[in-house]
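Reader: Please take one part of this model and go through it closely. I would like the aromatic residues treated together with the strands around them.

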Amino acid sequence: QGEAVEALRDTAGAQEHAAKLTAFEQDMKKFLKEDKAEGFDVVLNSLAGEHVAASLGLLRPFGRFVELGKRDAYEGAAFGLQPFLRGLAYSAAHLDVLMLEAPVAARALLDEVQAALPSLPKLPTLTYEMSEINEALDFMVRCTHVGKILLRAPRTLKRSEEHTSEL
C-alpha cells in the first residue's frame, strides 16, 4: 500500500499523523479566530479518518458538511454523532452516483459548472515528473496541499519489442 501508509502504521508515523491533525485543527481555529467567526458555514471535505471529526468540530451551528471522498465509506469508518446535536447536516456529493441515478440532473449540473469555469479562480498546481510519483503521493497524503497535484507523462512512450515488431 505504499511507504506513506506503512509509515502511518508504525508508532512514529502515527505520532506524526496525530501532530499533523493537531496542526490542521490549530490552523483552522486560528483562521476562525482571526476572522472573528464562530465556525464555518460549509466544509467541503475530501479528507478521511480523524480529519472528518476535526472538520465537523469547525462548523458553526447548523453548518453543512459535504463529503466528496469515499474512503471512509468504503472502509466502513464510524464517527461520533455528538457534533450533530448542533443541528449539522451531512451530505455526500458523489458525481458518479448522480450520473447513474439522475443523468439529466447530472448533465444540467455539469453544463452549469462548465459555463462558470472561465470566471472561477484558477487553483494552484504542483507538477511532478512520472519518475517522482512516490514523492507526489507522499506529498498528497500529508493533507497540506491546496489545488491540484499533477504527474507529467514522458513525451515518448517506449513500446515493447513484441508490439513494435507487429507495426
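Author: Tyr-90 has a relative accessibility of 37% in this predicted model, so Tyr-90 counts as partly exposed, lying between the 20% limit for buried and the 50% limit for exposed. Phe-84 falls into the partly exposed class too, with a relative accessible area of 23%.

A pair of aromatic rings is described by the distance of the centres and the angle of the planes. For Phe-84 and Tyr-90 the centres are 6.5 Å apart and the planes stand at 70°. The pair is edge-to-face, because an angle over 60 degrees is counted that way. A search of the whole structure finds four aromatic pairs. Ring pairs also join Phe-84 and Tyr-90 with Phe-65 and Phe-79, giving a cluster of these residues.

Now the strands. An open sheet is built from three strands, in the order β1-β2-β3, with parallel pairing. Strand β1 covers 40-45 and strand β3 covers 89-92; both are edge strands, each pairing on one side only. From one strand to the next the twist averages 15°.

Strand β2 runs over residues 59-67 and pairs with β1 in the parallel sense through five bridges. Within this pairing, Leu-44 is found opposite Val-66 of β2.

The numbering places two members of the ring cluster in the sheet. Phe-65 belongs to the cluster and falls within β2, residues 59-67. Tyr-90, another member, falls within the edge strand β3, 89-92.

Conventions
Residues are numbered from 1 along each chain as its sequence is written. This is a predicted model: local features need pLDDT of at least 70, side-chain atom pairs count only at pLDDT 80 or more; totals for chains, interfaces and linings use all residues. Side-chain values use heavy atoms; hydrogens and water are left out. Rings of Phe, Tyr and Trp (its six-membered ring) pair if their centres lie within 6.5 Å; planes under 30 degrees apart count as stacked, over 60 as edge-to-face and the rest as tilted. Buried means under 20% relative accessible area, exposed over 50%, partly exposed in between (1.4 Å probe, protein chains only). Two strands pair if DSSP finds at least two bridges between them. Helices (H or I, at least four residues) and strands (E, at least two) are DSSP runs, numbered from the N terminus. Axes are lines fitted to C-alpha atoms, for helices over the stretch in contact, and angles run from 0 to 180 degrees between N-to-C directions.
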